[in-house]
Amino acid sequence: MLQTLIFHQEIVSDAALDQLQANLPGIVAGVLQVPGGNMALLEAEQISLHFIAASRRDVGKNLHILIYAGLNEPRQRDRTNRANKIKEEIGALIGGEYTIDVRIYLQYIGAAEDMAVPQDEPVAEE
């Protein structure tokens, strides 16, 4: 799962946040997909969104979006262009009334996740 954190100030409407929830995974997956192994091939279902309401004491942009993705050469080479593309697509999606900041953090990722066991298959005992 690729993690995306969306910090939003009170000024951001529920309608704009709903648009982000529905469309941001596809935007991020499309912009960050590059040639190369499993960490490079992305689908919208692999993008995990976390919405976080900003404190009234927070200063900065209305929307601050942090994306944590696997490090690979094609993403590393043009990471700023990719962040700008995501910002442009978000602006086109929700309109120009909000200030937006997008940061892409590329890193080597180790993950430990609970794996869902399909209900129609019995759990194997050891």
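In this predicted model, Gln-9 sits in the loop that links strand S1 to helix H1. Is this loop residue buried or exposed? With a relative accessible area of 17%, Gln-9 falls under the 20% cut-off, so Gln-9 counts as buried. Setting aside neighbours within four places in sequence, the residues in contact with Gln-9 are Ala-54, Asp-58, Val-59, Gly-60, Lys-61 and Asn-62.

Stepping back to the whole chain, the protein has three helices and four strands. Reading from the N terminus, these elements come in the order β-α-β-β-α-α-β. Of the 126 residues in the protein, 34% are buried. And what about contacts between residues with a separation of 6 or more? In the protein, 80% of those contacts are between residues 24 or more positions apart.

Next comes the pairing of two helices, H1 (residues 14–32) and H3 (residues 79–94). Their axes come within 10 Å and cross at roughly 150 degrees. That angle is over 145 degrees, which means that H1 is roughly antiparallel to H3. As for handedness, the H1 and H3 crossing is right-handed. On the H1 side, the contact is made by Ala-16, Gln-19, Leu-20, Asn-23, Leu-24, Ile-27, Val-28, Val-31 and Leu-32. H3 brings Arg-82, Lys-85, Ile-86, Glu-89, Ile-90, Leu-93 and Ile-94 to this contact. Sorted by type, the residues of the contact between H1 and H3 are 11 nonpolar, two polar and three charged.

Then there is the largest nonpolar core, which has 28 residues. Which of its members touch the most other members? They are Ile-67, Ile-86 and Ile-90. Several elements feed into this core, with at least two residues each from strand S1 (2–8), H1, strand S2 (47–53), strand S3 (63–70), H3 and strand S4 (100–107). H1 provides the largest share of the core, at nine residues.

Ile-86 ties these threads together. This residue is part of the H3 side of the contact with H1, and it is also one of the core members that touch the most others. Not counting residues up to four places away in sequence, Ile-86 touches Ile-27, Val-28, Val-31, Ile-67, Val-102 and Ile-104. Among these, Ile-27, Val-28 and Val-31 belong to the H1 side of the helix contact, while Ile-67 shares with Ile-86 a place among the core members that touch the most others.

Key
Residues are numbered from 1 along each chain as its sequence is written. This is a predicted model: local features need pLDDT of at least 70, side-chain atom pairs count only at pLDDT 80 or more; totals for chains, interfaces and linings use all residues. Side-chain values use heavy atoms; hydrogens and water are left out. Axes are lines fitted to C-alpha atoms, for helices over the stretch in contact, and angles run from 0 to 180 degrees between N-to-C directions. Angles under 35 degrees count as roughly parallel, over 145 as roughly antiparallel, 65 to 115 as roughly perpendicular and the rest as oblique. A crossing is left-handed if the near helix is turned anticlockwise from the far one by less than a right angle, and right-handed if clockwise. Contact means heavy atoms within 4.5 Å. Ala, Val, Leu, Ile, Met, Phe, Trp, Tyr, Cys and Pro count as nonpolar, Asp, Glu, Lys and Arg as charged, and the others, Gly among them, as polar. A nonpolar core is a set of buried Ala, Val, Leu, Ile, Met, Phe, Trp, Tyr and Cys residues joined through side-chain atoms within 4.5 Å. Buried means under 20% relative accessible area, exposed over 50%, partly exposed in between (1.4 Å probe, protein chains only).
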